[in-house]
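Good morning, and thank you for coming. Please look at the sequence and the structure as they appear, and I shall then take you through three topics.

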Amino acid sequence: MSKIKTTCGLDCPDACGIVVKDGKIEADTYHPTSNGALCALLNRYMLEEPRITKARINSKEVSLDDALKATKEALQAPTKLLWRGSGNFGVMQEITNLLFEKIDGTTTKGTLCDGSGDAGILEGREVNRILPPEQINKAEVVVVWGKNITVTASHLMPYIEGKEIIVIDPVKTTIAKKADLHLQIAPRSDFFMAIMLARFAIMGDFEDKEFIEEYASDYEDYYEFTQEFRIRPILEYIGTNLQEMGNILEMIKGKRTVFLVGNGVQKYSTGHLALHAIDSLAVLLGKIGKEGCGVGFLGNSKLNFKNPFDVKTKRVHKVNTPFSKFDTVLIQGGNPVASMPDSNRVIQELKKTKTIIYYGLYENETSAMADIVIPAKNFFEKEDVRLSYGHQYINPMRKVHECNYGISEYEFTNTMLQKFGFEPLESEDYYLNFWLKQSTKIDDYYLHPAHQDTPYADGFGEDGEEEFVFPDEFGDNFIKTKQFTRARRKSKKEKVIEEYWLLSPKANKALNTQFKRDNKIALHPNLGFKDGEEVRVFSKHGEYNFIVKNCKDIREDTVVITANTIGVNFLTPSIVSDEGDSACYQEVKVKVEATKYDR
């Protein structure tokens, strides 16, 4: 019986271990963080998704070599851009940077994912270390803040069993329904929630004075900062009250606590403030740098690594990429037409380019626009190394079987370099070992070079010699903040909801725009729409029609359209976050109306 150990390459924090026995995929029960099962994305939907098996030029099937020749000609244009997605993870994806450095091309900066939150963490801690799952296991209380664990990090479920659970989320998620306490706060209110909890913590003597005197001595200045905000209007805006805030602090008091924070809290222009404020709350309570404590967001998976694919090239923002400025655009492993915000803008920009090259696994909205299509290999068909932003283990991704079509990132880059007359790459093993040699081998796996059993136990900063830095300023151009910072007469008018916050979480049957997709919008039943009814949803950025699915688990001022939904990004803005060069998918309110033929 043949048996190969490898790792899932799909873009989620789990990075589960896999055992392939005679071609059959099974969970690696000995993997340090896997929970003994594989998700449906891996063992069902990925296998069912039709692959691109033939190269194409102008919609005509051609040999792979002909497509690569055409790619070389297109990349000889004066201006060329590499735009890379992240639907499949592996360090070797970035090797194409080396090609674009040699040919004087342009790459992107920023992220569609977590950059804003990462920036907020760096403002306080200076480095973004991964919170080991072992520390979650040692906690007594788990605060799940804007994170739908059962969908986005299912491997954490065994670690939180039997613990007190607090959920802070605008949606009554599956984990919220099981929680000891759920605060169904307003979208985009996480910063205010965190600073109010910090203020009440100090007012009620919940703070860990010994800890903050040593590691965050400016806490009194931060307390003064929180006092700039008026309690009553902020609690009203959040959708909570003093009793609920007090309940949270009482549940946490004297107990080992971890905060697990999701991407949703930072999908805004001011997203960095949300993470910075949540971190500040944890520091004030002494719930970081100790056993069974910490704040877990998306950690920096490359921290302390030397990256052989770091290059010095011209760069443009990934969020609002000006595709029209380039003669040739190579899109690698992504679907920007559907996954980038402001789809109308993206489509018009791509139409103005001379040549679009799509290099990927599956057909999608972007491949349909491409002039050249090159089939890729998936992570079962090549060698790679998998890092994780959710745990500290480095996992080899081993080739399980051969593929008689498609080309790996290493093969593509090496072939193109030689077609241009440059020196070939080092061997593939050279680059794989470059990463693994920087890690510590433990049985079949490797330990991250930046791993700390208890992150920040010695303090903050790169060397653990710095103190935590609290926020000291606040600005927000999207909402009227004067109501929170100065006295005003209370309006007696009942608020009428005319626009709704848009939430765009991940779906359980899709990975961004890969795999199962639909056109559903979740609305609260009180809005008066019927299940199955078609509605027009519009914002100042665009519009699209969706099918209603009523759901009592969301707020009346909110609509939910998952990130895999066809058309969702016709509604979203192509703005860059204030910090972190990140997308702001939820920085928008939408209107909903029945289509003409439904009403």
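V576 lies in the loop between β27 (558–560) and β28 (589–594) of this predicted model. Is V576 buried, partly exposed or exposed? Its relative accessibility is 23%, so V576 counts as partly exposed. Leaving aside residues up to four places away in sequence, V576 touches H317, V319, N320, D581, S582 and C584. Please also find G110: V576 and G110 are 466 residues apart in sequence, yet their C-alpha atoms are 8.8 Å apart in space.

One of the contacts of V576 is C584, which leads us to the cysteines. C584 has 0% relative accessibility and therefore counts as buried. Why does C584 form no bond with the closest cysteine sulfur? That sulfur belongs to C113 and is 13 Å from the sulfur of C584, which is too far for a bond. How many disulfides are there under the cut-off of 2.5 Å between sulfur atoms? The count is zero. C8, too, is in no disulfide, and its nearest cysteine sulfur, that of C12, is 6.0 Å away. C8 counts as buried because its relative accessibility is 6%.

Let us turn to a pair of helices. Helix α9 (residues 190–203) packs against helix α14 (residues 271–284) at an angle of about 20 degrees, and the axes are 8 Å apart. That angle makes α9 roughly parallel to α14. The crossing of α9 past α14 is left-handed. Among the residues that meet are F191, I195 and L197 in α9, and L273, I278 and L281 in α14. The residues of this contact comprise 12 nonpolar, no polar and one charged.

Note on methods. Residues numbered from 1 in each chain as written. Predicted model: local features only at pLDDT ≥ 70, side-chain atom pairs only at ≥ 80, totals over all residues. Heavy atoms only, no water. Disulfide = S-S within 2.5 Å. Buried < 20%, exposed > 50% of the residue type's maximum accessible area, 1.4 Å probe, protein only. Helix = DSSP H or I, 4+ residues; strand = E, 2+ residues; numbered from the N terminus. Contact = heavy atoms within 4.5 Å. Axes fitted to C-alpha atoms, helices over the stretch in contact; angles between N-to-C directions. Parallel < 35°, antiparallel > 145°, perpendicular 65-115°, else oblique. Left-handed = near helix turned anticlockwise from the far one by under 90°. Nonpolar A, V, L, I, M, F, W, Y, C, P; charged D, E, K, R; others polar.
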